[in-house]
Amino acid sequence: MAATGTNLRQIAVPGPVARTVGRLPPTSFFLTSAVFHYLGPSLAALLFVHVAALGVAWLRIASAAIVFTLWRRPWRIFNTASHSQRLVFVALGVVLAAMNSLFYLAIARLPLATVGAIEFLGTVILAAAGARTRRNVLALVLAVGGVAVLTSAQFAGQPLGLVFAFANCAGFMVYIMLGHRIANTTTRGGGSCGLPLSGIDQLGLSMLIAAVAATPLGLVPAVPAFSHPVWLLWGIGVGVCSSVIPYVTDQLAMARLPRATFSLMLALLPATATVIGLIVLGQVPTARELAGIALVILGVALHRDPPNARRNPAAATGWQITHEHDSTPFYMDGSDRAATDLRP
C-alpha cells in the first residue's frame, strides 16, 4: 500500500539527533549500557552504609521515574495504547521494581561480580534459543565458560544473597523479553517525529508504574535520605546512572539487534562488573577473573547475526508516515507492515 494520496496525520522528518542516532552502530549503545549497568550499583553499594538496600532501590526507581516524566511525559501514551500494550506496561513496571530491589538486596550480601555472573545465567537461555549456527554455539560456549571462570566467589556463606541473586536473574530475563518487545513496537501517540523514542516513551511509562509498585516496601527505608541532601543527591545520581542511561541505551540497541544477539552480548556484563568493582569498590581481579573476561569478550566477538535477523533500517530510526485515522506506520521503503510484525 503506497502512502501517496492518503490523508496524513504525521510525517516524521528526521532531525540531526535522529540522523546521528541512526548512523551510530547498535553496539555503541550496548557498550554504554554495559558500563552504566554496574557503575550505578557500585555507587549504590557505597550508599548502603547510610540507607538500607530497599531504600536505595526506591530512590533509584523514583528518581528515574521523575526524569522520564519531565523528559518524555510518558503518561500521554496510556490512553492511546491497546489493552494488551497496557498489560505489557504494567508487567514491565512490576518487573523493574522487583528486579531492581532484588538486585540491591543481592549486592548488599554478595560481591558485585558474583551477582553480575548470576544475572547473566538467564540470558544464556535467551541466547541459546537464537544460536542456530555452529559459530554461534561456539560463541555461546566460550561466553558461558568465561562466566564460569569469572565466578570464583564462595557461595556457601550467603544463601539468602543467592536467593535474591537468582530471583533477580529471572527478572532480568523477563526484562529483556518485554524490553525487546516495546523497543520493536509502536503505540499511537508515542515517540517524537523523526526520533526512535517510541520504545523509550513506553519504558518511561513502565518506570512510573515501577515507582508505584516499589513504594510500599521502599519508601520507609528511603526516608533517612530526605534529611541528608548529599545522600539524596547520591540516590538520584544512582537512578540516572542505573535506570535512565542504561535502559535508554538498551532500547536503542534492542530496536536494532535481534534478541538472541543482544542476550549474548550481555555476557559482557560480568566482565564489566569486575572492572567497575576494581575501579569503584577496590575489588582487585585475580588471574582467573581476567581469564574469564578474555573468554567472554572472545565469545561476543565470535558471534554473528543470522542473515534473516537484519531489521529494516527505517523501522530502527523511526522514519515513518502514519494515517490520520490509522496508527499503522508506512515506512519510507513503501511497505505498510504492522508494528507488531517487528516483534521478536
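Phe48 and Tyr104 are both buried in this predicted model. For Tyr104 the relative accessibility comes to 0%, so it falls well within the buried class, which takes in anything under 20%. The rings of these two residues pair up: their centres lie 5.9 Å apart and their planes stand at 70°, so the arrangement is edge-to-face. What makes the pair worth a look is where its partners come from. Phe48 belongs to the loop between helix H2 (26-47) and helix H3 (53-72), while Tyr104 is part of helix H4 (residues 83-107), so to speak a link between distant parts of the chain, 56 residues apart.

Tyr104 has another ring partner in Phe103. Here the centres are 6.0 Å apart and the planes make an angle of 50°, which puts the pair in the tilted class. Phe103 is also buried, with a relative accessible area of 4%. Taken together, ring pairs tie Phe48, Phe103 and Tyr104 into a cluster. The structure as a whole holds six aromatic pairs.Two other rings have a charged side chain for company. The charged end of Arg72 sits over the ring of Trp71, at 5.7 Å from its centre. In a similar vein, Arg86 lies over the face of Phe78, with 4.9 Å to the ring centre.

Next comes helix H3. This helix has 20 residues and spans 28 Å from its first C-alpha to its last, close to the 28 Å expected at 1.5 Å a residue. Much of H3 is covered, as 14 of its 20 residues are buried. Just after the helix, Arg73 takes a positive phi of about 45°.

How does H3 meet helix H9, and at what angle do the axes cross? The axes of H3 and H9 (residues 229-254) come within 7 Å and cross at roughly 65°, and the crossing is right-handed. On the H3 side, the contact is made by Leu59, Arg60, Ser63, Ala64, Val67, Phe68 and Trp71. The H9 side contributes a list of residues including Leu232, Gly235, Ile236, Gly239, Ser243 and Tyr247. An α-helix has 3.6 residues a turn, so residues three or four places apart point the same way. Trp71 thus turns up in two settings: its ring lies under the charged end of Arg72, and Trp71 also takes part in the contact with H9.

Two polar residues also deserve a mention. Ser42 is found in helix H2 and is buried, with a relative accessible area of 0%. Setting aside neighbours within four places in sequence, Ser42 is in contact with Leu112, Ile276, Val280 and Leu281. Asn168, found in helix H7 (residues 159-183), is likewise buried, with a relative accessible area of 0%. Not counting residues up to four places away in sequence, Asn168 touches Met99, Leu102, Phe103 and Glu119. Phe103 brings the account back to the aromatic cluster, where it sits with Phe48 and Tyr104.

Finally, the whole chain. Its secondary structure comes to 13 helices and three strands. Of its 344 residues, 51% count as buried. Among contacts between residues at least 6 apart in sequence, 84% join residues at least 24 apart.

Notes: Residues are numbered from 1 along each chain as its sequence is written. This is a predicted model: local features need pLDDT of at least 70, side-chain atom pairs count only at pLDDT 80 or more; totals for chains, interfaces and linings use all residues. Side-chain values use heavy atoms; hydrogens and water are left out. Rings of Phe, Tyr and Trp (its six-membered ring) pair if their centres lie within 6.5 Å; planes under 30 degrees apart count as stacked, over 60 as edge-to-face and the rest as tilted. Helices (H or I, at least four residues) and strands (E, at least two) are DSSP runs, numbered from the N terminus. Buried means under 20% relative accessible area, exposed over 50%, partly exposed in between (1.4 Å probe, protein chains only). A charge sits over a ring if NZ of Lys or CZ of Arg is within 6 Å of the ring centre and within 35 degrees of the ring normal. The expected span of a helix is 1.5 Å times one less than its number of residues. Axes are lines fitted to C-alpha atoms, for helices over the stretch in contact, and angles run from 0 to 180 degrees between N-to-C directions. A crossing is left-handed if the near helix is turned anticlockwise from the far one by less than a right angle, and right-handed if clockwise. Contact means heavy atoms within 4.5 Å.
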